[in-house]
Amino acid sequence: MRTVRNIFLATSLSAATLAAPFALAHASLKQSSPGTGASLTVAPKEIVLTFNEKVEVAFSTITLSDDEGKAIGTNKAKLDAANPAVLRLEVPALRAGAYTVTWAVAGHDGHRRKGDLKFTVQ
């Protein structure tokens with residue numbers, strides 16, 4: 001009985017060890033500017049999203065919308081020249097109000113991740 005338990009534990013540990021890199025393989029948001037829930041006195045000139053790994057710009061987007069959900073016209077997001085894990089989006093002059101940044105990125109494994117964050121300009 002003890003041998004069966006040891007074999008089960010060893011098999012479980014091996015499976016978990018082999019699966020760990022796949023669980024961590026997706027791009028995830030590490031940091032943003034403006035930060036989630038930020039209340040700004042000066043409107044940002046760009047949105048900067050930093051991920052835990054290089055993102056594929058061809059399959060990655062950032063959109064900005066106002067408090068009514070209307071998309072704000074912007075250029076396409078660009079990779080930071082010095083760090084391919086950073087996406088930058090230049091934004092036009094923003095007036096006071098609430099905004100939502102919606103992002104979708106694909107990491108080197110090809111899986112897309114999505115998310116959003118909100119900020120306010122006073």
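The exercises below work through a predicted model of one protein chain.

**Exercise 1.** Find out which residues have pLDDT under 50, and decide how their coordinates should be read.

*Solution.* Begin with the chain as a whole, whose mean pLDDT is 86, with 80% of the residues reaching 70 or more. Then look for the exception: over residues 8–23 the pLDDT stays under 50, and the model shows zero contacts for this stretch beyond four places in sequence. Where pLDDT is low, the predicted coordinates should not be read in detail.

**Exercise 2.** Work out the order of the strands in the open sheet, and explain why E2 and E4 each have one side without a neighbour.

*Solution.* The open sheet is formed by four strands in the order E2-E8-E7-E4, and their pairing is mixed. E2 and strand E4 (61–66) stand at the edges with a single partner strand each, so one side of each lacks a neighbour in the sheet. From one strand to the next, the twist averages 25°. Turning to one pair, E2 and strand E8 (residues 112–121) are joined in the parallel sense over three bridges, and Ala38 stands opposite Phe119 of E8.

**Exercise 3.** Follow Phe119 into the largest nonpolar core, and then to the loop that holds Pro34.

*Solution.* The core has 22 residues, of which Ile62, Leu64 and Phe119 touch the most other members. The strand that gives the most to this core is E7, with four residues. Among the residues that Phe119 touches are Leu64, Ala38 and Pro34. Pro34 belongs to the loop between strand E1 (29–33) and strand E2 (38–40), and the peptide bond joining Ser33 and Pro34 is cis, with omega about 0°.

Note on methods:
Residues numbered from 1 in each chain as written. Predicted model: local features only at pLDDT ≥ 70, side-chain atom pairs only at ≥ 80, totals over all residues. Heavy atoms only, no water. pLDDT = per-residue confidence, 0-100. Contact = heavy atoms within 4.5 Å. Helix = DSSP H or I, 4+ residues; strand = E, 2+ residues; numbered from the N terminus. Pairing = 2+ DSSP bridges. Axes fitted to C-alpha atoms, helices over the stretch in contact; angles between N-to-C directions. Core = buried A, V, L, I, M, F, W, Y, C linked by side-chain atoms within 4.5 Å. Buried < 20%, exposed > 50% of the residue type's maximum accessible area, 1.4 Å probe, protein only.
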